[in-house]
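Thank you all for coming; I would like to take you through one structure this morning. Please have the sequence and the picture in view while I talk.

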Amino acid sequence: MEEDGSLSAYPEHEKLKQFNAGYESATQAVGDFLEWIASQQSARLMVFAEWIEEFKITCPNTHFTAGGIAHCEVCDENGSAATSEKKSGWVPAAGSLTGWLADWSGVDLAKLEAEKRAMLDAIRAQNLTTEPKAASA
Ligand SMILES: [Zn+2]
């Protein structure tokens, strides 16, 4: 009865079992989930950040007096002054999904790539040494 799946007494458990069977690794599953949630909900990974925003203001002070130019504490008598304000808010997380998954799993992507190349080189070297045997057989 349970062989075809649809008549299982626990259909949701069967779905879960089949879903999990489609994944070889946690990073693959999490990566697929994040891509899915982004497509379904326009969801993005965000981080709360604080930064200093710099801008110029027009000096509100009067600089010319009967005695000449008065010293201005705001702008040094040039009419505008640089100022800054502390800002904060949610911004998209820096980096890529691949990079986050690598960081999370503790895998160094450069070392992983080097290992793949070494593996291919080893396979090629093995093929070269076994080729004459295969040809004579
Ligand atoms: Zn001024």
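**Two helices and a strand pair**

Let me begin just after helix α2, where Ser 42 takes a positive phi of about 50°. Before going further, I should say that this is a predicted model, in which local features need pLDDT of at least 70 and side-chain atom pairs count only at pLDDT 80 or more, while totals for chains, interfaces and linings use all residues. Residues are numbered from 1 along each chain, as its sequence is written.

As for the overall layout, the protein has 4 helices and 4 strands, where helices (H or I, at least four residues) and strands (E, at least two) are DSSP runs, numbered from the N terminus. Read from the N terminus on, these elements follow the order α-α-β-β-β-β-α-α.

Now back to α2, which has 16 residues and reaches 22 Å from its first C-alpha to its last, close to the 22 Å expected at 1.5 Å a residue; that expected span is 1.5 Å times one less than the number of residues. None of this helix is buried, the number being 0 of 16 residues, so α2 lies largely in the open. By buried I mean that 20 or more other C-beta atoms lie within 10 Å of a residue's own, with exposed meaning 12 or fewer, partly exposed lying in between, and C-beta atoms being placed from the backbone.

What does α2 meet in α3? Thr 27, Val 30, Gly 31 and Leu 34 in α2 meet Leu 97, Leu 101 and Ser 105 in α3, a contact being two residues whose C-beta atoms, placed from the backbone, lie within 7 Å. The axes of α2 (residues 26–41) and α3 (residues 97–105) come within 10 Å and cross at roughly 145°, where axes are lines fitted to C-alpha atoms, for helices over the stretch in contact, and angles run from 0 to 180 degrees between N-to-C directions.

Helix α3 also has 0 buried among its 9 residues, so α3 lies largely in the open. It is followed by Gly 106, whose phi is positive, near 80°.

Turning to the strands, β1 (residues 46–58) is joined by 13 bridges to β4 (residues 80–92), and the two run antiparallel; strands count as paired if DSSP finds at least two bridges between them. Within this pair, Glu 50 stands opposite Ser 88 in β4. Of the 13 residues of β1, the number buried is 0, so this strand, too, lies largely in the open.
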